[in-house]
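Trainee: I'm new to this one. Could you show it to me and let me ask how the labels are justified?

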Amino acid sequence: MAVLKVKFTKTKRDKLAQILWILNWVSVVSGIILFSLGLFLKIEIKKRNEVMAKGDINSVPNMLISVGVIACIINFLGGKICYDCSDANKFSRWKLVMLPYIVCTFCFTFCILVGALMCYTMRNELEESLYLGLRDAIKFYKDTDIPGRCFLKKTVDLLQIGFRCCGNNGFRDWFEIQWVSPRYLNMASKEVLDRLKSNVDGKFLVDGVPFSCCNPSSPRPCIQYQLTNNSAHYNYDFLTEELNIWMKGCREALLDYYTGIMRSIGIAALLIWLFELSVLIGVRYLQTAMKNVLLLGDLEGESDGWLLENSFVETAKYNINIIKNLGKANQISTVSGMNDPNINIQNTDCDKINIATKSIPAAR
């Protein structure tokens, strides 16, 4: 029994073909939108590539870009097919193409769904990439004289100013590393030497942060050194007073930024997926209706269209049997010619045909 069977007159078939022709062109535009969203996300990720560890974070934008290009191609072809389906004579040349086209379009719409879901499942990979990338960027913040790292100070400062953040997880991350270059340390100073000797690794660690951590909205001048020393500043309590530096870590700030972008892209991709799925269902009805009208032979009469010719269970069993038969066809028997009666047959004398000659009576 056919699933969701609908009866179509010639007028309905023509209107369906015209509507699907228009919708396929709208789908081309949706493909361009998917391509643009993927390209935008790829550019945004590349902008802050210096503070991200290498990983699979580009899989989502690459997926969206690929799906967008395929959408433009498939829907352009679908528009041509639906336009010709308004004429039964023109449909005959697409008759054998439509079913493979529907199968390919179904796989394509599934890829859109996968791309949309990836926008929501990418958070963990992105968080790990940001954590490792920011950790290394802060670690090499002081290396302004080393090629390949000299740009990191500017990158981190602009990042902290732009995203109103400080450190990786927070401002205390700067307490654990030496972020002042040795060339700017006065080695003749007893304070500097004592601080270097007090550290096991010989690093110059201070309870301070770079200037880019300062909050310009604070009414108090920025306190970026001796943040934990109450006696170093007038009317200052480290434990109770809200500091005039950014409290949020840059990993959290960037993660919120990219998560917001990917959620918006995911919603757009889901809407496009639903739209493409509805167009695919319409194309399937048009294909079955046109196929049945050709079988009936009455091009002006009514015909049935359906989503599936048989029930879901029967269709699944049928497709599983096809896959099993394809697997059996590819198997090569390893058994010697015992199973084939035509192999290793001994030559006999059956080729020699002895025909008994009859004596021909002599003429008298």
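**Labels and their reasons**

Mentor: Start with Y83, which is partly exposed because its relative accessible area is 48%, and that label covers what falls between buried (under 20%) and exposed (over 50%), using a 1.4 Å probe and protein chains only. Keep in mind that this is a predicted model, where local features need pLDDT of at least 70, side-chain atom pairs count only at pLDDT 80 or more, and totals for chains, interfaces and linings use all residues. Residues are numbered from 1 along each chain as its sequence is written, and side-chain values use heavy atoms, leaving out hydrogens and water.

Trainee: Why is W21 called partly exposed?

Mentor: W21 has a relative accessible area of 35%, so it gets that label.

Trainee: How many aromatic pairs are there?

Mentor: Nine. Rings of Phe, Tyr and Trp (its six-membered ring) pair if their centres lie within 6.5 Å; planes under 30 degrees apart count as stacked, over 60 as edge-to-face and the rest as tilted. W21 and Y83 make one such pair, with centres 5.9 Å apart and 50° between the planes, which is tilted. That pair ties W21 in helix α1 (residues 10–47) to Y83 in helix α2 (residues 59–84), 62 residues apart. Helices here are DSSP runs (H or I, at least four residues), numbered from the N terminus.

Trainee: What makes the W25 and F76 pair edge-to-face?

Mentor: The planes of W25 and F76 stand at 85° and the ring centres are 5.4 Å apart, so edge-to-face it is. This pair also links distant parts of the chain, with W25 in helix α1 and F76 in helix α2, 51 residues apart.

Trainee: And F91, how do you know whether it's buried or exposed?

Mentor: F91 has a relative accessible area of 1%, so it is buried. You'll find F91 in helix α3 (residues 88–91). Not counting residues up to four places away in sequence, F91 touches D84, C85, M98, Q287, M290, K291 and L294, where contact means heavy atoms within 4.5 Å. F91 and M290 are 199 residues apart in sequence, yet their C-alpha atoms are 7.7 Å apart.

Trainee: Why does Q287 count as buried?

Mentor: Because Q287 has 6% relative accessibility. Q287 lies in helix α8 (residues 250–296), and its contacts beyond four places in sequence are F91, M98, L99 and I102.

Trainee: How much of the protein is buried?

Mentor: Buried residues make up 39% of its 364 residues.

How values were computed: Helix = DSSP H or I, 4+ residues; strand = E, 2+ residues; numbered from the N terminus.
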